[in-house]
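Trainee: Could you give me a close look at one part of this model? I would like to see how it sits in the whole chain, with every cut-off spelled out.

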Amino acid sequence: MSEALAIDYEVLFDPSKRYIANAISRFAARDILYNCPKCDKERVITWMFPDVSFDFVDECCGVMVVLIPKEEE
Ligand SMILES: [Zn+2]
């Protein structure tokens, strides 16, 4: 199994626009914009609990990526 790749991202919507995600996470969820590390296509994913890192396989090119919480003030 390959190591997940930490990717750069932007917060698109905070909280998420997805009702279900907000219901489950109690409005912690955020919609995240990032670029596929392989083909650079724009991708959007809902990060349910942005205070903990989230790894997943990007369905675009099948690359394993990880979102790491940024320091926020
Ligand atoms: Zn891709």
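Mentor: I start with the whole chain, then go to one sheet and the loop after its leading strand, and end with the rest of the chain.

This is a predicted model: local features need pLDDT of at least 70, side-chain atom pairs count only at pLDDT 80 or more, and totals for chains, interfaces and linings use all residues. Residues are numbered from 1 along each chain as its sequence is written.

The overall picture first. The protein chain has one helix and six strands. Here helices (H or I, at least four residues) and strands (E, at least two) are DSSP runs, numbered from the N terminus. Along the sequence the pattern reads β-β-α-β-β-β-β. The C-alpha atoms fill a box of roughly 30 × 25 × 20 Å along the principal axes. The radius of gyration is 12 Å, which agrees with a compact globule, because 73 residues would then give a value near 11 Å. That radius is taken over C-alpha atoms, and the globule rule is 2.2 Å times the number of residues to the power 0.38.

Two totals go with that. Buried residues are 14% of the 73 residues. A residue is buried if 20 or more other C-beta atoms lie within 10 Å of its own, exposed if 12 or fewer, and partly exposed in between, with C-beta atoms placed from the backbone. Of the contacts with a separation of 6 or more, 34% link residues 24 or more positions apart. Two residues are in contact if their C-beta atoms, placed from the backbone, lie within 7 Å.

Now the part to look at closely. Three strands make an open sheet in the order β1-β6-β5, with mixed pairing. Its edge strands are β1 and β5, each pairing on one side only. Two strands pair if DSSP finds at least two bridges between them.

Take the parallel pair. Strand β1 covers residues 5–6, and β6 covers residues 63–67; two bridges hold this parallel pair. Leu-5 stands opposite Val-65 in β6. Ala-6 stands opposite Val-66 in β6. In a regular strand the side chains alternate between the two faces of the sheet.

Now the antiparallel pair. Strand β5 (residues 54–58) joins β6 by five bridges, running antiparallel. Phe-56 stands opposite Val-65 in β6. So Val-65 has turned up as a partner of Leu-5 and of Phe-56. β5 and β6 form a hairpin with four residues between them. In that turn, Gly-62 has a positive phi of about 70°.

Just past β1 comes Ile-7, in the loop between β1 and β2. Ile-7 counts as partly exposed because 17 other C-beta atoms lie within 10 Å. Which residues does Ile-7 touch, leaving out those up to four places away in sequence? Tyr-34, Pro-37, Val-65 and Leu-67. Val-65 belongs to the β6 range, residues 63–67. Tyr-34 falls in β3, residues 30–35. Ile-7 also lies 11 Å from Asp-40, C-alpha to C-alpha, with their positions 33 residues apart in sequence.

Asp-40 leads into the other sheet. Asp-40 sits in the loop between β3 and β4. Its phi is positive, about 70°, although it is not a glycine. Asp-40 counts as exposed, because it has 10 C-beta neighbours inside 10 Å. The strands on either side belong to an open sheet of three, ordered β2-β3-β4, with antiparallel pairing. Its edge strands are β2 (9–13) and β4 (42–47), each pairing on one side only. Neighbouring strands there are turned by 35° on average, direction ignored. Axes are lines fitted to C-alpha atoms, for helices over the stretch in contact, and angles run from 0 to 180 degrees between N-to-C directions. Six bridges join β3 to β4, antiparallel. Asn-35 has Glu-42 in β4 as its bridge partner.

Last, the stretch around the helix. Asp-14 and Pro-15 are joined by a cis peptide bond, with omega about 0°. Pro-15 is in the loop between β2 and α1 (19–25). Phe-27 is in the loop between α1 and β3. Phe-27 has a positive phi of about 65°, although it is not a glycine. Phe-27 is exposed because it has 12 C-beta neighbours inside 10 Å. Glu-3 lies in the segment before β1. Glu-3 is exposed because it has 8 C-beta neighbours inside 10 Å. The C-alpha atoms of Glu-3 and Phe-27 are 30 Å apart, at 24 residues along the chain.
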